Amino acid sequence: MWSWSSNNTNTNTNTNTNTNTNPSTYPGTRARTSQRYTLPPTSSNSNSNIKTTRAAQIDSYMYHTILRPSTRRVTSNNHNGNGNANMNAGDVFDTYFVTKSNDILKVRVTIPPSNSSNHMNLNLNANVPEEMCPLPVLKLQGIQASHAMIDENTMVVTGYAPLRDSIAWLDSTVSLGEHVKQVVELFQKNPPIVLKFLEADLADKNGVKLEVDPSGGSEVLPPSYDDSTWMLGGNNNGNNRVNTDEYHLGGFPNVPRSFPELDGMNREELEMLLEDEEAFREFARKHYISKELDSTLKICEENVKVANENLRCKDDLEALMKEIERLKGEIQDKLEVYEPLEKRYSQISKPPTKKSVLKKLNTARRQSSRRSDDLSENFVQGDMGVNDYIQKFMKERILFHERAAKMERLQNFNEA
């Protein structure tokens, strides 16, 4: 799934920008560079506004280096699932992506058939070929959301200038794949506010429970895609779900159904590819599938290397874990000793209250009074001499009066 990252920053909708060389973040550690899909040359006799055919625009989207791993076909203009022609259905694709806020969303791209009314009402001259690509329709599928670029009733993308109308579309010199990529990047960096999910498949991917319509009405939803189909990128083994050949999230890429690079070759060049094995190998080496395979194999080798290095560090890591557990136990023992001491220190260090000081002074004053009374009693009974009695008695009485004076002063402190 195409994830958002700070590397995906080239979202300028100017169609004349240079090739984006920022690495894609899908999938996982796959380090591939974004390559602009080159439109095939057009005939000099064609209208100057007609940039490419419908088939070539679809290929630019289906086989886009970044979009391809997260794109799958929903319906096809070539068949309707029953083997019968369905020329009015158009081609419909879904591209999944992850936003900056970690929401998993999908943009649905509908490419009408060549005879669609999307372009029949244009005032174009007579040499417009019938196979020209009509204005594609992009919408956020499976959610109800709020965003400045979309119509909140239909979820159709209306705020992207190159796809605003058929005239802007025909004036564009950039392929459909690049336009879809730029729209997705805009949604990734400035995610829509998702109000609710309308498809169970998409809700599950976001960890959200789908709200059930209380009226009991059922909504026609596109088929779900289980994880095994995503990973294998294979067929559905004859069940009623749509073909997911064009959608995979891992493993090796599927063999392309068409090679746009061959469209501009003449007969001699094609025969040379068939007869000259070295020329054929060179052509295959330059194809994006070969580059993708080389990149995948290189990443696998690097992953194996890193995994082996991690395994070699296993004993050291286990020893460190044991040391950490031992230190953790020592810290716990020290904390048990420290916490009571900290509580005691807090009690000692905090300033005493007026009430507690008065209480201690009163206790000490009574003790001095009691000791002076004991001295007088001992003197009367003849147990001590005059000089000794006077010295000790005066000391205790002075201490008694000092403490009484301090109490009186402290009691009157706030009143003053």
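F379 is partly exposed, at a relative accessible area of 30% (partly exposed falls between buried, under 20%, and exposed, over 50%, using a 1.4 Å probe and protein chains only). Y389, on the other hand, is buried, at 15%. This is a predicted model, where local features need pLDDT of at least 70, side-chain atom pairs count only at pLDDT 80 or more, and totals for chains, interfaces and linings use all residues. Residues are numbered from 1 along each chain as its sequence is written, and side-chain values use heavy atoms, with hydrogens and water left out.

**Aromatic pairs**

- A search of the whole structure turns up 3 aromatic pairs (ring centres within 6.5 Å; planes under 30 degrees apart are stacked, over 60 edge-to-face, the rest tilted).
- Y61 and F93 meet edge-to-face, 5.3 Å centre to centre with 80 degrees between the planes.
- Y61 sits in helix α1 (residues 54-62) and F93 in strand β2 (residues 91-98), so this pair ties together parts 32 residues apart in sequence; helices (H or I, at least four residues) and strands (E, at least two) are DSSP runs numbered from the N terminus.
- Both Y61 and F93 are buried.
- The ring centres of F379 and Y389 are 4.4 Å apart and their planes are at 15 degrees, so that pair is stacked.
- Ring pairs join F379, Y389 and F393 into a cluster.

**Charge over a ring**

- R397 lies over the face of F400, 4.6 Å from the ring centre (the cut-offs are NZ of Lys or CZ of Arg within 6 Å of the centre and within 35 degrees of the ring normal).

Terms used:
Phe/Tyr/Trp six-rings, centres within 6.5 Å; stacked < 30°, edge-to-face > 60°.
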